[in-house]
Amino acid sequence: MNIVIAGAGDMGYHLSERLSFENKDITLVDLDKDALDYASAHLDVLTVLGDATSIEILKNANVANANMFMAVTTSEKTNILAAILAKQLGAKRVIARVRNHDYLNPEHDQYFKNIGIDNIISPTMLCSGEISRMIKNSVFSDVFEFEGGKLNVVGITLDQYSNLVNKKIADMRDNPIFEDVKIIAIVRDQITIIPRGNTIIRNNDHVFFISNKKAVSSIVDLLGQKKVSIKNVMIIGGDDMAYTTALTLEHDYRVTLVHKDKERCKWLSERLAKTLVINGDYKNIELLIEEGLEEMEAFISLTESSETNIITSLSAKNHGVYKTIAHVDTREYIHISHSIGVDSLINKKLVAANQITRFFRKGKVEAISGIYGVDAEIIQYVVNKNNRVIKNPLKNLHFPDTAIVAGVIRGEDQVFIPDGEFTLQLEDKAIVLALPSAKIALDKLFH
């Protein structure tokens, strides 16, 4: 598959990195020579130096033979124009990254299709949605919903007081809770483990569970974790993501937003109906305390600095805030996300990249999610008549050891947490957790 990506920033680099592992032919276009040199030194990609809105540059990138063209630069206008030109030059499918909320209105989809853009994505909007899910399921550091929450994957770091520590997974199966709940992955010392019956849970393991909608609360009871009802939320930062997040949360929570720029605060207060907007230096913890930090159940740091976000979140935690979420732009922080001390880290570019990569899977893939700090993806396949996975129980499918069928959705309302005896049927939606080494085998099984 020939893929052309306009934009060699964090998002473009991450997409290139993930796709180059899958033997895709990647061409990366950017005006920044240093960014291209870094990418070519670390990834198996071709690079083209130049403006992605130039017809000659797009021709040099062989857009005419591209199965997919993605415009993911930081300039919305560049992305839209480059996507339009790429389609006209012959790219089969084009995707553009945008910032304007109005563009994302489902009623406007046809406008973009009429000019040749197949899909538009907004990292900011996707990230705000993920933050909202984290606040809703505040006990957990990671939350992924499938089919509107019919199945949920959640992650949490276990301490020495957890009811599961030092227990073998096989010994837990007598507990009726595990009819609706399954442990699907463990991160231990930054290594991802697909658990088996003889796996023993250890202190400080970051454990991922899958459950049906009703059983999410059962996981909390199983672990013996404290659950706090979130009512008050403080956000620091004033850019588009802070605004979008406040807009998303203000109807369900009491939101206070603190930002250092006076004019931006005025702009925010005019557009946020229920959010209390405070003009002040969010690095000043005394100011945050004066504005109610110690009464907050959640603290979300969305400034332009990853370091500021982490440090203020840790300070909020020290002042008794139950749930802390920090946005980070620095990729290295993601790999230590489960040991850094902040409840949840989020990166809008990786969220958007997860959304895009589902378009590249063979077979009928409806959703795909990367997990921060975990060398695994959660993939939702739709079983069709050509698949090799029907008619035989899962235990007979020669499934790769580095993947697991975590859950199955059948029809409108049937949900299963499958064991080895389970047999997939036509049109089932299979939720699979897989390490990178399993991808080729899965593509064959679900093709």
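Two strands are counted as a pair if DSSP finds at least two bridges between them. With that in hand, the sheet in this predicted model is pleasantly easy to follow. An open sheet is built from 6 strands, which come in the order β14-β13-β12-β15-β16-β17, and their pairing is parallel. The edge positions are taken by β14 (276-279) and β17 (344-346); each has a single partner strand, so one side of each is left without a neighbour in the sheet. On average, and with direction ignored, neighbouring strands of this sheet are turned by 15 degrees against each other.

Within the sheet, the pairing of β12 with β15 can be followed down to single residues. Strand β12 (residues 232-236) runs parallel to strand β15 (residues 298-301), and 4 bridges join the two. One residue to look for here is Met 234, whose bridge partner in β15 is Phe 299. Towards the β14 edge, a helix comes into view: α10 (residues 262-271) lies across β13 (254-259) and β14, and runs at about 175 degrees to β14.

The model also offers a pocket worth a visit. The largest pocket has a volume of about 620 Å³. It is lined by 22 residues, of which Lys 182, Ile 404, Pro 418, Asp 419 and Gly 420 are the closest to its centre. Three elements, α7 (169-172), β9 (181-188) and β20 (403-410), each contribute at least two residues to this lining. As for chemical character, the lining of the largest pocket comprises 13 nonpolar, 3 polar and 6 charged residues.

Note on methods. Residues numbered from 1 in each chain as written. Predicted model: local features only at pLDDT ≥ 70, side-chain atom pairs only at ≥ 80, totals over all residues. Heavy atoms only, no water. 1 Å grid on protein atoms, 1.4 Å probe; cavity = no way out; pocket = protein on both sides within 12 Å on 5 of 7 lines; lining within 4 Å. Points joined across faces, edges and corners; volume = space filled by probe spheres on them. Nonpolar A, V, L, I, M, F, W, Y, C, P; charged D, E, K, R; others polar. Axes fitted to C-alpha atoms, helices over the stretch in contact; angles between N-to-C directions. Contact = heavy atoms within 4.5 Å.
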